[in-house]
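Here's a quick briefing on how this chain is put together. Have a look at the fold, then we'll go through charge, overall form and core.

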Amino acid sequence: MAFYSYIFSANYKRFFNRLKEVAKKENKNYIGMVFDTVYCVFRYGLGLTDYLSFQIYNKTAKEYVGTRMENKFYAKVSPSEYKAKFSMKPTFLHDFKQYVKRDYFVPKDGNYDEFISFINKHNIFMAKPLDGLGGKGVSKENVTDIDDKKAYYDKLVENHMFLEEVVVQHPDLNKLCAKSVNTMRIMTFYNNGNPRILWVGLRVGNGVNSIDNFHAKGMAVNVDMETGKLIGNGIDQELHQFSEHPVTHVKFDGFKIPCFEEAKQLVLKAALESDKILVVGWDVAVTPEGPVLIEGNRRPS
């Protein structure tokens, strides 16, 4: 039922607009692609995003793991009854504080003085939803832009937001894109007390937005799990490929991520902290002092 709830809650307007663009680009019949999408959804359990992201219109759908099978998998390895440790961001920051290594503040009625103390220490900070996804609602704020501090604080409480100290990025990654903190997504699997790394990718901001997520038009690049070097081109949510960053013009293929071995050891140690959520996609930033966790995702894409 969770799969069909997901299907019926999809943004159909956005999907069909994108499908029209793909049909024109691929010189395919749009109506035929609509029927093919419906068939793949019900026959193979693909989500609408799956159909576009995997380019199923040019492939065989049965070769891919779709959203329906993914939901069954995560029900076993990342059961929802234990999700609060990861889905509530302040809870994650508290429980994994030795790996996070930064300050944060959760507004709630009656702690205005703590809010003032936080912004006095951190002139620039990140404002985030307590349980947001995909970077939605995340913004970088400057205290000098806040005219009425009490009104700002009240708005944070009302909108269920919290504040977080800004992560200072390693200078090597600034060369790639200094506008955003470019994070690794490192996926681990915890099996009988032995975590291992399944996959690593680097997310890179587009040079305009302050976050690196796909939803903010960021890009992702595969990472060699042994060397920490980027492999091949970057790719964005609409499957555009980039051999180099569009703003800095730094070539992706062969670019080496600093402190990569330390980052791997960090997530393997963090994975031992949760024996209920077995598969985690850790978002890892690299600072001049070494890697830190940004968050953990219990259903990583």
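How many positive and negative side chains does the chain have, and how far apart do the centres of the two sets lie? There are 41 positive and 36 negative ones, with the two centres 6 Å apart. Lys and Arg count as positive, Asp and Glu as negative, leaving out His and the chain ends.

A word on the source: this is a predicted model, where local features need pLDDT of at least 70, side-chain atom pairs count only at pLDDT 80 or more, and totals for chains, interfaces and linings use all residues. Residues are numbered from 1 along each chain as its sequence is written, and side-chain values use heavy atoms, without hydrogens and water.

**Overall form**
- The chain has 12 helices and 11 strands (DSSP runs: H or I of at least four residues, E of at least two).
- The radius of gyration (over C-alpha atoms) is 20 Å, which agrees with the value near 19 Å for a compact globule of 301 residues.
- Its C-alpha atoms fill a box of roughly 60 × 45 × 40 Å along the principal axes.

**Cores**
- Buried residues (under 20% relative accessible area, 1.4 Å probe, protein chains only) make up 43% of the 301.
- The largest nonpolar core (buried Ala, Val, Leu, Ile, Met, Phe, Trp, Tyr and Cys joined through side-chain atoms within 4.5 Å) has 36 residues, and Phe96, Met184 and Trp282 are among those with the most contacts inside it.
- Elements giving two or more residues to this core include strand 6 (194–204) and helix 12 (260–271); helix 12 gives the most, six.
- A second, separate core of 15 residues includes Phe15, Leu52, Ile56 and Tyr57.

Key. Buried means under 20% relative accessible area, exposed over 50%, partly exposed in between (1.4 Å probe, protein chains only). The radius of gyration is taken over C-alpha atoms; the globule rule is 2.2 Å times the number of residues to the power 0.38. The place of a charge is taken as NZ of Lys, CZ of Arg, CG of Asp or CD of Glu.
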